[in-house]
Amino acid sequence: MSRIEFKDVRHAYPSAAGQAPVYALKEISQVWEDGGAYALLGPSGCGKTTLLNIISGLLTPSEGSILFDDREVTQLPTTERHIAQVFQFPVVYDTMSVFDNLAFPLRNRGMPEPRVRERVTEIAAMLDLSDRLNQRAAGLTADGKQKISLGRGLVREDVNAILFDEPLTVIDPHLKWQLRSKLKELHQQIGVTMIYVTHDQVEALTFADQVVVMHDGAVVQVGNPIDLFNKPRHTFVGYFIGSPGMNVLPCKLENGQPVFANNLLSSGYPVDTDISGKLEIGIRPEFVSFCDDGIPVEIEKVEDLGRYQVVTVKHEAEQIKMLVGEDQSIPSISPQIQFDPASLRLYCDDWAVETPDA
Amino acid sequence: MTIELRNVSLRVGAETHIYETSLSLQPGQFNILLGTTLSGKTSLMRLMAGLEKPSSGRLWANGAEVTGVAVQKRSVAMVYQAFINYPSFSVYDNIASPLKVAGLPKKEIDAKVREFANLLKLTPMLERLPNELSGGQQQRTALARALVKGADLVLLDEPLANLDYKLREELRDELPKMFADTGATVVYATSEPLEALLLGGYTATLNEGRVVQFGKTSTIYRHPETLEGARVFSDPPVNIAAIEKRGDTAYLSASVSWNVPAKLAAMPDGKYKIGLRPHHLSPNGAGVEVDGEVQIAEISGSESIVRVIVEGNNWVSETHGIHSYEFGQSTSFFFDSSRCLYFDANEMLIETQL
Amino acid sequence: MRKSTNQKAWWLVAPVLLLVAFNAFIPLMTVVNYSLQETFGDNVFFWEGVSWFEKILRSERFHDSLLRQLLFTGMIIAIEVPLGIAVALSMPRKGPWVSVCLVLMALPLLIPWNVVGAMWNIFALPDIGLLGYSLNSMGFDYDFTQQPVSAWMTTVLMDVWHWTSLIVLLCYAGLCSIPDAYYQAARIDGASGWAVFRYIQLPKMKRVLTIAILLRFMDSFMIYTEPFVLTGGGPGNTTTFLSIDLVKIALGQFDLGPAAAMSLIYFLVVLLICWVFYTVMMRNEEQ
C-alpha cells in the first residue's frame with residue numbers, strides 16, 4: 001500500500017522528426033492517497049489509459065516523475081512496482097485451472113506452496129470462485145474470467161495499487177452491476193488503493209470516493225461524486241456527468257447579474273462587472289421547471305422514461321432539456337420555464353466563476 | 001414498407017432460436033427489439049432481412065410474400081454493433097458503395113453521398129480511411145451507408161453499444177431525426193430498456209427466443225402483460241415478491257400488508273405476485289413500510305440506487321438525492337401500494353391500473 | 001448461418017471432378033491393377049493376387065528404406081520445429097525490420113527443389129564446395145559422396161535450411177495474433193520469459209504448429225528431388241529413402257508389380273499417419 005504522486009508528468013508519443021510533439025497527457029500533478037478508491041472518467045482519447053499505463057510502468061512518461069511513498073519509481077520496471085492491472089479484455093492463462101491462474105503470481109515470486117494454497121482459497125472465496133477452482137480457466141464466462149484477472153491482482157500481498165482499465169466492457173449489461181458492487185465491496189474489505197478508468201459515469205460515480213475527470217489529456221476536475229454533480233468547475237464536467245448533461249446557455253452580464261433571453265436570472269451572483277470572455281450559464285435539467293411567469297419556450301419533444309419525463313424545449317435557437325416528474329403534467333399553452341437560482345452556475349471561457357460560497 | 005411475420009420460427013438443429021411469432025411492423029417509427037444478449041434479437045433481425053430462412057412461417061413485405069427471396073433482391077440495409085466498413089475504401093467510397101452497386105450515374109452518386117455525409121457530420125472526413133476515424137465516426141459512416149441506400153427496411157443491431165456513454169446519448173438523439181423523413185421501416189435492437197424508452201415508437205420485448213409482448217413502447221412499459229415482460233423492460237430490475245391475498249388485503253408477510261384495488265379483491269384468495277418498479281420504492285415518504293437490509297448503494301449522477309433484501313427478496317430502490325448506507329444496515333423503505341403491478345398464478349397481469 | 005442450397009453448383013464442380021478423375025483416380029486404379037498382377041510388357045498380365053504385397057512387406061530392402069525414411073522424418077521434425085519456433089519468437093513483430101525478416105524467411109521456400117539439391121551438392125563438395133572445404137580444413141573428415149554419416153548430415157542440413165522457414169512463418173502468424181494485453185498481464189504477474197512462452201505463446205501457437213508439423217511430416221515422408229540430386233541415394237543406399245527406392249524399382253528395374261504394390265503400401269502408410277494426426281488434432285479442438 002502506498003501513496004502515489006505524480007509530479008509535473010507530461011507524455012507525448014514519439015512523433016516524426018521535425019514535428020512538434022503531440023501531448024497525449026498534458027501537465028498533471030496529482031496525489032493518489034493510500035487506500036483511496038479513484039476513478040478516471042473521460043471520453044475515449046482523453047488520455048486516461050495513458051495515465052494508467054504510466055502508473056503501472058507499462059509506459060514511461062516523456063517528462064515528469066512518479067513517486068510511491070516519496071520514492072522515485074519513474075524508471076522502475078513494472079514487476080518492481082507491485083502493481084496489479086485488470087484489462088479491458090479478460091486475460092487468463094487458458095491451459096491452467098482457475099486455481100493455478102490465481103496461484104501464478106505467487107508461485108512466480110517463490111511463495112511456499114502451503115501459503116499459496118491458503119491465499120488462493122481466501123481470495124477465491126471473496127470472489128465467489130471457490131466452487132470452480134479446479135475448472136479450466138478457458139471454460140468460464142466473461143465475468144468469471146475478469147474475476148480471475150482481478151483475483152490475480154488481489155492474491156499478492158505486496159500490492160501497492162490495483163488499476164482497472166474499463167474492466168466491465170465485455171461483461172453482459174445485466175451482470176455489470178454485480179461486478180461493480182463486488183469491486184466496491186472488495187475495496188471496503190481490503191482497503192488497497194484502486195484506480196478505475198472508465199467512460200461510464202455510473203461506474204465512476206458508484207465506485208469512487210474521488211473522481212478525476214479528464215478531457216483532452218488534462219485533468220479538469222477532481223472531487224467526490226456529489227461535488228462533481230452539484231458544482232462542476234468546467235462546462236465539460238457539467239456536460240459529461242449526469243444524464244442528460246447540464247444545459248449550457250450563452251448569457252450576458254447586466255449589473256453583475258447573468259441575463260438569459262432578456263430574463264434576469266437571480267442567482268445570488270454578485271460578480272465582477274469587468275469579466276470578459278465567453279459567458280455561459282449552466283443549469284442541470286433537474287433544476288429547470290415550468291412556471292407561470294418565466295422564459296417562454298416551445299416544446300420540441302417529450303420522452304417518457306418511467307421515473308421521469310425528459311422534455312426538450314426551445315427558446316429561440318437555444319435547446320434546453322428539463323426533467324419533469326412522472327405524474328406531472330406538461331402545459332400545452334404557452335409554456336414557460338424558470339431556473340432554480342441556487343443551482344445556477346456561471347462560466348467564463350468554460351471555467352466556473354467562483355462565488356464567495358463555492 | 002410494412003413488414004409482417006406470420007407464425008415465423010427458427011430452429012437450428014435441436015435448438016429453437018425463435019419460437020413461433022407473428023409481428024407487424026410499420027414504417028415511419030422506430031420498432032424496437034428489446035431483450036438481453038441471447039434473447040434472439042439478432043436472429044429475428046436476420047429473419048427479417050432474409051439472411052436466414054425461417055423453419056416455419058412466412059414473411060410479407062408491403063403485401064407481397066418475400067419468404068424465399070434472397071437478401072440481395074430485397075431492399076434492406078443493416079448496421080451492426082461492431083463498426084463494419086470496407087477497410088480499404090475511403091469514407092466517400094464506403095457511403096457510395098450501395099449506389100455504385102445500384103448503377104446510378106456518377107453525378108447523382110456524388111450529390112447523394114455529400115448530402116448524407118453532411119447529415120451525419122462526416123464532410124471533413126470524406127477522404128479518410130475507416131481505421132483513421134474514431135469509433136463514433138466509423139459508426140456514422142456505417143449509418144450513412146445504410147441511409148443512402150434508401151432501403152425500405154433498415155435494421156440496426158445494437159449500433160451504439162460499442163460507443164462512449166456520451167456519444168451514445170448524442171447519436172440516440174439524432175437517430176430518429178435521421179430516419180424520420182425516409183419513410184423506411186426501422187428496426188432497432190437493444191438490451192437497454194432506457195434506450196427503448198428514449199427512442200419511443202413500438203417495442204417488442206424478447207426473452208429466450210420468445211416475443212413476449214409487442215406494442216407502443218410506453219404502453220408496454222406501464223402495462224406489461226406478463227411478469228416476464230415487466231422483468232425484461234426494467235433496469236434496474238423490477239422488484240418482485242410473492243404475496244398472499246385474503247379478502248381485500250394483500251400480505252407480503254405477517255407484518256406487512258395493504259388493501260388491494262377492487263379488481264383484485266374480487267378475485268379468488270390465494271397466491272399472487274407483485275411487481276414494483278425501483279423508483280416507486282424509496283427510503284422516504286409514505287405508504288407501505290418494509291424493512292430492507294442494505295446490500296450495496298450506488299450513485300448515478302443525482303440518483304441513489306440501493307439494493308436491499310426485503311422479506312427475503314432481492315429488491316432495488318431508486319431515489320433522487322444522494323443517500324449513503326452501510327453494508328448490512330437495516331432501514332425502512334416505503335412504497336405506494338397503488339403503484340404495484342399484480343400478477344396472477346400464471347404470471348399474467350391483472351389490470352388494476354387504467 | 002445456413003445458406004440456401006443451390007443445385008446449379010454441381011455443374012460448376014463437374015470439370016474439376018473430371019480432372020481429378022483423369023489425373024488421380026484413374027492412374028491410382030492403374031497402379032492397383034499393376035500391384036495385383038505380373039507383367040513383362042506387351043500388355044500380357046498374369047494374376048498374382050497379393051503375392052507382391054507379401055514379398056514387399058517381407059523384403060529387407062523395403063524394411064531398410066522404410067526405417068531410413070522414418071529416421072529422416074523424425075530427425076528433421078525434431079530439428080525444424082524447435083528451431084522454427086525459436087526463430088519466430090526472435091523475429092520483430094512491429095517496426096521497419098518486419099518486412100525484411102519476412103522476405104528473408106520466404107526466400108528458401110521459393111527456390112525450385114532440384115536447384116536446392118544442386119546448390120547443396122556444390123556447396124558441400126569436399127574439395128571445392130565452401131562447406132565441404134571448410135569442414136575438411138577444420139580437421140573434420142567430411143565427404144558426403146563417400147561417407148554415410150556425412151551424407152546424412154548434409155541431407156538433413158539441406159532440408160532444415162530449405163523448410164524451417166515454413167514453420168517460422170506459420171508460427172510467426174500465430175504469435176502475431178496474441179494481443180498485447182497478455183504480455184502486459186504477464187509482466188505484472190512477474191512471469192519469467194519461459195513462463196510467458198509456456199503459458200501464453202505456446203498455447204496460442206498450438207493450432208498453427210499442428211498444421212506445420214503435419215505438412216512437414218507429409219512432405220518429408222515423400223521427399224525425392226532434393227536428396228536425389230544431392231546424393232543420388234548414396235553412398236551405396238545409405239540415403240535411399242522410400243520414394244527413391246520406389247523409383248529405382250519401378251523405372252530402374254522395371255518391376256512394375258512390386259513397384260505398384262510398394263507405392264500402394266507407401267500411400268496407405270502416409271494416409272494412416274495423417275488420419276491419426278487429424279483425429280488427435282480434432283479431439284484436442286473439442287476439449
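# A tour of chain A and its two partners

Start by selecting strand β1 (residues 4-13) of chain A together with strand β4 (residues 63-68) of chain A: the two run antiparallel and are joined by 5 bridges. Keep in mind as you look around that this is a predicted model. To find your place along this pair, pick A:Phe6 and look for its opposite number in β4(A), which is A:Ile66.

Keep β1(A) selected and add strand β2 (residues 22-32) of chain A. Here the pairing is again in the antiparallel sense, over 7 bridges. Which residue of β2(A) stands opposite A:His11? Select A:Leu25 and you have it. While side chains are displayed, a general point may help: in a regular strand they alternate between the two faces of the sheet.

**The six-stranded sheet**

Next, colour the strands β6, β7, β8, β3, β9 and β10 of chain A. In that order these 6 strands make an open sheet, and its pairing is mixed. Which strands are at the edges? They are β6 (83-86) and β10 (218-223) of chain A, each of which pairs on one side only. If you rotate the view to look at the twist, the average turn between neighbouring strands of this sheet is 20°, direction ignored.

Now zoom in on β7 (residues 161-165) and β8 (residues 193-198) of chain A. These two strands run parallel, with 5 bridges between them. A good residue to click is A:Leu163, which has A:Ile195 of β8(A) opposite.

Before leaving this sheet, show helix α4 (residues 142-154) of chain A. What does the helix lie across? It lies across β6 and β7 of chain A, and its direction is at about 175° to β6(A).

**The three-stranded sheet**

Move along chain A to β16, β21 and β17. Taken in that order, these 3 strands form an open sheet with antiparallel pairing. Its edge strands are β16 (288-291) and β17 (295-296) of chain A, each pairing on one side only. Select β17(A) with strand β21 (residues 336-339) of chain A to see an antiparallel pair joined by 2 bridges. Within that pair, A:Pro296 stands opposite A:Gln336 of β21(A).

**Where chain A meets chain B**

Turn on chain B and select the contact residues: 34 come from chain A and 32 from chain B. About 3,000 Å² is buried between the two chains, with carbon and sulfur atoms giving 51% of that area. On the chain A side, highlight A:Asp304, A:Leu305 and A:Arg307, the residues that lose the most area to chain B; together they make up 19% of what that side buries.

Stay with A:Asp304 and show its side chain. What does it meet in chain B? The partner is B:Arg222, and the two form a salt bridge with an N to O distance of 3.0 Å. Across the whole interface of chain A and chain B, there are 3 salt bridges, along with 6 residue pairs in polar contact, both residues being at pLDDT 80 or more.

To see which elements of chain A take part, colour α5 (173-190), α6 (201-207), α7 (225-230), α8 (235-240) and β18 (298-304): each supplies at least two residues of the side that touches chain B. The largest share of that side, 6 residues, belongs to α5(A). Colouring the side of chain A that touches chain B by residue class gives 12 nonpolar, 10 polar and 12 charged residues.

**Where chain C meets chain A**

For the last stop, bring in chain C. The selection here is 16 residues of chain C in contact with 22 residues of chain A. The area buried between these chains is about 1,600 Å², and carbon and sulfur atoms give 59% of it. Pick out C:Ile188, C:Asp189 and C:Tyr199, which lose the most area to chain A and together account for 42% of what the chain C side buries.

How many salt bridges are counted between chain C and chain A? The count is 2. One to show as sticks is A:Asp94 with C:Lys204, whose closest N and O atoms are 3.4 Å apart. Polar contacts between these chains come to 7 residue pairs, both residues at pLDDT 80 or more.

Finish by colouring α8 (180-188) and α9 (193-221) of chain C, the elements that give two or more residues to the side touching chain A. With 7 residues, α8(C) gives the most to that side. By class, the side of chain C that touches chain A divides into 10 nonpolar, 3 polar and 3 charged residues.

Definitions and conventions
Residues are numbered from 1 along each chain as its sequence is written. Chains are lettered from A and ligands numbered from 1 in the order in which they are written. This is a predicted model: local features need pLDDT of at least 70, side-chain atom pairs count only at pLDDT 80 or more; totals for chains, interfaces and linings use all residues. Side-chain values use heavy atoms; hydrogens and water are left out. Contact means heavy atoms within 4.5 Å. Buried area is the accessible area (1.4 Å probe) that two parts lose on being put together, summed over both. A salt bridge is a side-chain nitrogen of Lys or Arg within 4 Å of a carboxyl oxygen of Asp or Glu. A polar contact is a pair of N or O atoms within 3.5 Å; within protein, one must be able to donate a hydrogen and the other to accept it, and residues adjacent in sequence count only if both atoms are side-chain atoms. Helices (H or I, at least four residues) and strands (E, at least two) are DSSP runs, numbered from the N terminus. Ala, Val, Leu, Ile, Met, Phe, Trp, Tyr, Cys and Pro count as nonpolar, Asp, Glu, Lys and Arg as charged, and the others, Gly among them, as polar. Two strands pair if DSSP finds at least two bridges between them. Axes are lines fitted to C-alpha atoms, for helices over the stretch in contact, and angles run from 0 to 180 degrees between N-to-C directions.
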